[in-house]
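Thanks for making time this morning. I would like to walk you through one model, taking the protein contact, then the DNA, then the fold of each chain.

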Number of protein chains: 2
Amino acid sequence: MASTEFTKRLLTYRLSLLHLKKMGLKDVYSHLISEETGFSAALIRKDFSRIAIQGKRRGGYTIDGILDTIDNYFGDKNINEVVLVGMGNIGKAIARYKDFEKQNICIFAAFDIDPVKQRKKFSIPVYSMDKCPGIISERKIDTGIIAVPALSAQSVCDQLIQYGIKGILNFAPVNLKVPGHIFVSNLSICDELRRVIYHARENPYESK
Amino acid sequence: MASTEFTKRLLTYRLSLLHLKKMGLKDVYSHLISEETGFSAALIRKDFSRIAIQGKRRGGYTIDGILDTIDNYFGDKNINEVVLVGMGNIGKAIARYKDFEKQNICIFAAFDIDPVKQRKKFSIPVYSMDKCPGIISERKIDTGIIAVPALSAQSVCDQLIQYGIKGILNFAPVNLKVPGHIFVSNLSICDELRRVIYHARENPYESK
DNA sequence: TAGATTGTTAATCGATTAACAATC
DNA sequence: TAGATTGTTAATCGATTAACAATC
């Protein structure tokens, strides 16, 4: 239903509102958020009305009200447990990432085929892959992060889906093949950097 | 000119084609790439014709031809030097990332305010920030990666732009404010994960 | 009240798709 | 040749914007 562009915008609004709140503001007008985020005021109002964020005809929106609704929309009021597969460079960085907690996301467990990594001390337990199905079903986990090498990404993906995972954040440079009801987001840092390099040069006087 | 969606698709095609090539294929039809990537055959043909990738009316496209054109389009025939600011979790992961080299991207230098990190051994030299303007102008670097904490991200961003950077890959959870001719890509791992969690639950029978 | 902002409807725009002539 | 695929034009669709009535 909700397009991925829509959810992206919501999180962009959220970030700007947190910033404005830190600056001491309590209320905002759509055109102020527009200035901060680059999206048009009309689009912002439309997005807000879509998730029942209401303003006052003359007084704008209250920042806390918007933040609350957005956080609710994303289910941040409960703890969201996810699993992480692959403890290489990226996996380790994610395991050490602190922002998750603030947003009620918890990397419940990590998995790696390398026993050495399993023995190392992270704040998150690292198991071998055979512990994965048990943990996923026991904790009813529905989201996984794939941070394994390209070669094993599809196979890990297939396994996760078999174990009941419904959403995947994939860092491996592979177009994962998944059934239609599985949501995948591919986050290739390398490709993203190539795009930045390209657009930096191509866009002499044009923004995003 | 080229929308960011367009460049995203090109890199998606590329990934699938590399995969198909590894499987032993030499030629492809638009509908095969469609199957692999999920984009329609018509859109693929239109994208290809836009960057002058030509096929044979009956025989499809040659994989090597497409790959060559795409790599050329992104300037992969030359080495692309970029700078990295911030050697925390993410910065370190990026510094250790090996895929860049394959695609002719080189993290020429990294910067961090912490002298301890500057002394540690990475394959990339780590300097204090005051070395930044010199290196950027000397190597004519136009792209930078920001991997510093949220609080300092805008200030680092302003500095990079002042030094001549035109494109920024930003990992900090901040909506950077930049002049119109600067290209910014925000890659918030945490927000991306939240979106995956959301869409995994929302999308019972619907894909991307 | 006058002025400004929301919330929503209608208009616009651009991107994607459908369709098909060209052609190998 | 018959059949299949490209390349491109016209049609469609959906997302964004413009506009404005409602209202504080």
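Let me start with a single pair, in which B:R194 makes a salt bridge to A:D76, with the closest N and O atoms 2.1 Å apart. Please keep in mind throughout that this is a predicted model, and that the distance I just quoted for B:R194 and A:D76 is a value computed from it. Between chain B and chain A the count of salt bridges is eight, while the structure over all chains holds 24. Polar contacts across the interface of chain B and chain A come to 28 residue pairs, with both residues of a pair at pLDDT 80 or more. On the side of chain B that touches chain A, helix α10, residues 189-202, gives the most, with 14 residues. That side of chain B divides by class into 29 nonpolar, 18 polar and 20 charged residues.

How much area do chain B and chain A bury between them? The figure is about 6700 Å², and 60% of it is on carbon and sulfur atoms. Within chain B, the residues that lose the most area to chain A are B:F183, B:R194 and B:R195, which together account for 11% of what that side buries. So that you have the residue counts as well, the contact takes 67 residues from chain B and 67 residues from chain A.

Now to the DNA, beginning with strand D. Which residues are the closest to DNA strand D? There are 21 residues surrounding that strand, and the closest are A:S40, B:S30, B:R45, B:R57 and B:Y61, with both protein chains represented in that list. Two of these residues reach the phosphates: an N or O atom in the side chain of B:S30 is 2.7 Å from a phosphate oxygen of DNA strand D, and for the side chain of B:Y61 the corresponding distance to a phosphate oxygen of DNA strand D is 2.8 Å. The bases are approached too, since a polar side-chain atom of A:R57 lies 3.0 Å from a base nitrogen of DNA strand D. Taking the atoms of DNA strand D within 4 Å of the protein, 55% belong to sugar or phosphate, and the rest belong to bases. The elements that each supply at least two residues of the surface near DNA strand D are α3 (41-50) of chain A, together with α2 (30-37) and α3 (41-50) of chain B. By class, that surface near DNA strand D has four nonpolar, seven polar and 10 charged residues.

Turning to DNA strand C, there are again 21 residues around it, of which A:S30, A:R45, A:R57, A:Y61 and B:S40 come nearest. An N or O atom in the side chain of A:Y61 is 2.8 Å from a phosphate oxygen of DNA strand C. As for bases, a polar side-chain atom of B:R57 lies 2.9 Å from a base nitrogen of DNA strand C, and a polar side-chain atom of A:R58 lies 3.2 Å from a base nitrogen of that strand. Two or more residues of the surface near DNA strand C come from each of α2 (30-37) and α3 of chain A and from α3 of chain B. The residues of this surface near DNA strand C divide into four nonpolar, seven polar and 10 charged, and of the atoms of DNA strand C within 4 Å of the protein, 54% belong to sugar or phosphate.

Finally, the fold within each chain. In chain A, six strands form an open sheet in the order β5-β4-β3-β6-β7-β8, with parallel pairing. Its edge strands are β5 (126-127) and β8 (183-186), each of which pairs on one side only. Strand β4 of chain A, residues 105-111, pairs with β5(A) in the parallel sense over two bridges, and A:A110 has A:V126 as its bridge partner.

Chain B likewise has an open sheet of six strands in the order β5-β4-β3-β6-β7-β8, with parallel pairing. Why is one side of β5 and of β8 in chain B left without a neighbour in the sheet? These two strands stand at the edges, each with a single partner strand, so one side of each has no neighbour there. In β5(B), the bridge partner of B:A110 is B:V126.

One last pair, within chain A: A:D71 forms a salt bridge with A:R14, the closest N and O atoms being 3.0 Å apart. This pair links distant parts of the chain, with A:D71 in helix α4 and A:R14 in helix α1, 57 residues apart.

Methods: Residues are numbered from 1 along each chain as its sequence is written. Chains are lettered from A and ligands numbered from 1 in the order in which they are written. This is a predicted model: local features need pLDDT of at least 70, side-chain atom pairs count only at pLDDT 80 or more; totals for chains, interfaces and linings use all residues. Side-chain values use heavy atoms; hydrogens and water are left out. Contact means heavy atoms within 4.5 Å. Buried area is the accessible area (1.4 Å probe) that two parts lose on being put together, summed over both. A salt bridge is a side-chain nitrogen of Lys or Arg within 4 Å of a carboxyl oxygen of Asp or Glu. A polar contact is a pair of N or O atoms within 3.5 Å; within protein, one must be able to donate a hydrogen and the other to accept it, and residues adjacent in sequence count only if both atoms are side-chain atoms. Helices (H or I, at least four residues) and strands (E, at least two) are DSSP runs, numbered from the N terminus. Ala, Val, Leu, Ile, Met, Phe, Trp, Tyr, Cys and Pro count as nonpolar, Asp, Glu, Lys and Arg as charged, and the others, Gly among them, as polar. A residue is near a molecule or strand if one of its heavy atoms lies within 4 Å of it. Two strands pair if DSSP finds at least two bridges between them.
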